[in-house]
Amino acid sequence: MMDDNPSETINELSETSEFGAYPFSMLLRLKTTKQSPRYHPEGSVWNHTLLVVNEAAMRRDKSSDPRVFMWAALLHDIGKLDTTKDRRGKITAYEHDTVGAKLTRTFLSAFAQERQFIKKTAALVRYHMHILYVLKNLPFQDVGGMKRDTDIREVALLGLCDRLGRKGAVRETEKSQVERFVRLCENERSAHG
C-alpha cells in the first residue's frame, strides 16, 4: 500500500495461488465483474479498482489516515460483487456502496482486529458515492450520517480518485465537481447548525 504504482504489485499478487484464498478471493472476483461501458470504458471492476488505487497512491499524503484511505481505495467497489445486474442490457450496481461497507468489514475482519481501522475504512466505502448523490441532490444522500461517521474531506479525496480512475476522465472537471461537493456539504452544516 506504500508503492507509487500499487496496481502493478496488486496485479502480480492476483496471479498467485495465495490470492485465490479467502478473503482475497473476493477481490479476484472483481476481474469478471462487469461495469457499464458508458461510465467505465476501462472495463471490469478490477481494471477500475487498479486505476483508483494508483490515483490514491498519488494523493495518500493528503489523507489524514493513509492506511485507511488506501484500503478504502482498494475496496471501494467490492459491493459490486453482489449488486451488479444486467437489466435488459444496462449494467447496474445499485446500493454497491452500502453492500460494500458490509463486505469491507467482512474482508478486513479476516486478518485485521483493529476495530477503528475497520470502521473507518468501511465508512469511506459506504459514503464514496455521496459525491454523486449530493451533486445531483438524490434522495440516497445522507450528509448528516456521512459527517457523523467519517470526514467529508476524506470522502472527497477517495471520490476524486474514484472519478479519475476511469478512462477518459477530465481531471479539471472532476476536481471542480469534488470541490463543489465539499462546499455543498459545508453549507449544509452551516444551514443546520
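## Residues with a positive phi

Arg88 is exposed, because its relative accessible area of 88% is over the 50% mark. This residue of the predicted model sits in the loop between β1 (85-87) and β2. Phi of Arg88 is near 55°, a positive value in a residue other than glycine.

Glu95 also has a positive phi, about 65°, although it is not a glycine. Its place is the loop between β2 and α6. With a relative accessibility of 55%, Glu95 counts as exposed. Most residues other than glycine have a negative phi.

## The loop between α1 and α2

The loop between α1 (6-14) and α2 (24-28) contains Thr16. Is Thr16 buried, exposed or partly exposed? Thr16 is partly exposed, because its relative accessible area of 32% falls between the limits of 20% and 50%. The side chain of Thr16 reaches back to the backbone oxygen of Leu13, at 2.7 Å.

Pro23 belongs to this loop between α1 and α2 as well. The peptide bond that joins Tyr22 and Pro23 is cis, with omega at about 5°. Most peptide bonds are trans.

## Helix α7 and what covers it

Helix α7 comprises 13 residues, 115-127. At 1.5 Å a residue, a helix of this length should span 18 Å, and the end C-alpha atoms of α7 are indeed 18 Å apart, so the expected and computed values agree.

Several residues of α7 are buried: Phe117, Ile118, Thr121, Ala122, Ala123, Leu124, Val125 and Tyr127. Which elements cover them? The covering elements include α4 (66-75), α6 (96-109), α8 (130-135), α9 (143-149) and α10 (152-164).

## Two buried histidines

His76 lies in the loop between α4 and α5 (80-83). Its relative accessible area is 0%, so His76 is buried. The side chain of His76 takes part in two kinds of polar approach. One of its polar atoms lies 2.8 Å from the backbone oxygen of Ala73, and a polar contact of 3.2 Å joins the side chain of His76 to that of Asp162.

Beyond its neighbours within four places in sequence, His76 is in contact with His48, Thr49, Val52, His96, Val125, His128, Leu158 and Asp162. One of these contacts, Val125, is among the buried residues of α7.

His130 is placed in helix α8. This histidine is likewise buried, because its relative accessible area is 0%. Not counting residues up to four places away in sequence, His130 touches Phe140, Gln141, Asp142, Val143, Met146 and Phe181.

## The largest pocket

What is the volume of the largest pocket? The volume is about 1,300 Å³. The lining of this pocket is made of 40 residues, and those nearest its centre are Tyr39, His40, Met129, Leu132 and Arg166. Elements that give two or more residues to the lining are β2 (90-92), α6, α8, α10 and α11 (171-192).

The lining of the largest pocket combines 13 nonpolar, 13 polar and 14 charged residues. Among the elements that contribute two or more residues to this lining, α6, α8 and α10 also help to cover the buried residues of α7.

Conventions: Residues are numbered from 1 along each chain as its sequence is written. This is a predicted model: local features need pLDDT of at least 70, side-chain atom pairs count only at pLDDT 80 or more; totals for chains, interfaces and linings use all residues. Side-chain values use heavy atoms; hydrogens and water are left out. Helices (H or I, at least four residues) and strands (E, at least two) are DSSP runs, numbered from the N terminus. The expected span of a helix is 1.5 Å times one less than its number of residues. Buried means under 20% relative accessible area, exposed over 50%, partly exposed in between (1.4 Å probe, protein chains only). Contact means heavy atoms within 4.5 Å. A polar contact is a pair of N or O atoms within 3.5 Å; within protein, one must be able to donate a hydrogen and the other to accept it, and residues adjacent in sequence count only if both atoms are side-chain atoms. On a 1 Å grid over the protein atoms alone, a cavity is a set of points where a 1.4 Å probe fits but cannot get out, and a pocket is an open set with protein on both sides within 12 Å along at least five of seven lines; lining residues have an atom within 4 Å of a point. Grid points are joined across faces, edges and corners, and a volume is the space filled by probe spheres set on the points. Ala, Val, Leu, Ile, Met, Phe, Trp, Tyr, Cys and Pro count as nonpolar, Asp, Glu, Lys and Arg as charged, and the others, Gly among them, as polar.
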